[in-house]
Amino acid sequence: MKKVIASLIAGLFATSVFAQAPAAPAAVAPAVKAEAKETKAVAKADAKEAKADAKADAKVEKAHAEAKSDVAEANADATKSKAKARAKAKKAKAEAKADKAVDNAEAKKDAAMK
């Protein structure tokens, strides 16, 4: 009878040890969860930073494109103004040449009359 009681008590201790074994990993689980949460937060922060960088780059590119557009427009205006100035100069030169021709003709006419 002592052997039976001893084996029952030994069986109880053995089952209690095996029953408590899964409890240890449960204590590790919160640490794993905290680490996973931290990793997730870091990834989220990195994604947010990357998004902000991309947005800032897009703004810079937009400003650069607008500046190029403004420069192109200014160049077009300058070319147009130069063309107008050249046309005016050409016209003035032609008028001066015509006036000179008229003056020469009048001078010749006056010289012939004398």
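Buried means under 20% relative accessible area, exposed means over 50%, and partly exposed lies in between (1.4 Å probe, protein chains only). This is a predicted model, where local features need pLDDT of at least 70. Residues are numbered from 1 along each chain as its sequence is written.

**Exercise 1.** Find how many helices and strands the chain has.

*Solution.* Use DSSP runs: helices are H or I with at least four residues, strands E with at least two. The chain has 2 helices and 0 strands. Next, check burial. Of the 114 residues, 0% are buried.

**Exercise 2.** Place Asp53 in its helix and decide whether Asp53 is buried, partly exposed or exposed.

*Solution.* Start with the helix. Asp53 sits in helix α2 (residues 23–113). Then take its relative accessible area, 43%. Asp53 is therefore partly exposed.

**Exercise 3.** Do the same for Ile5: name its helix and class its accessibility.

*Solution.* Helix α1 (residues 2–20) holds Ile5. Relative accessibility is 44% for Ile5, so this residue is partly exposed.

**Exercise 4.** State how much area the chain exposes.

*Solution.* Apply the Shrake-Rupley method with a 1.4 Å probe. The chain exposes about 10,600 Å². Carbon and sulfur atoms supply 65% of that area.

Terms used
Predicted model: local features only at pLDDT ≥ 70, side-chain atom pairs only at ≥ 80, totals over all residues. Heavy atoms only, no water.
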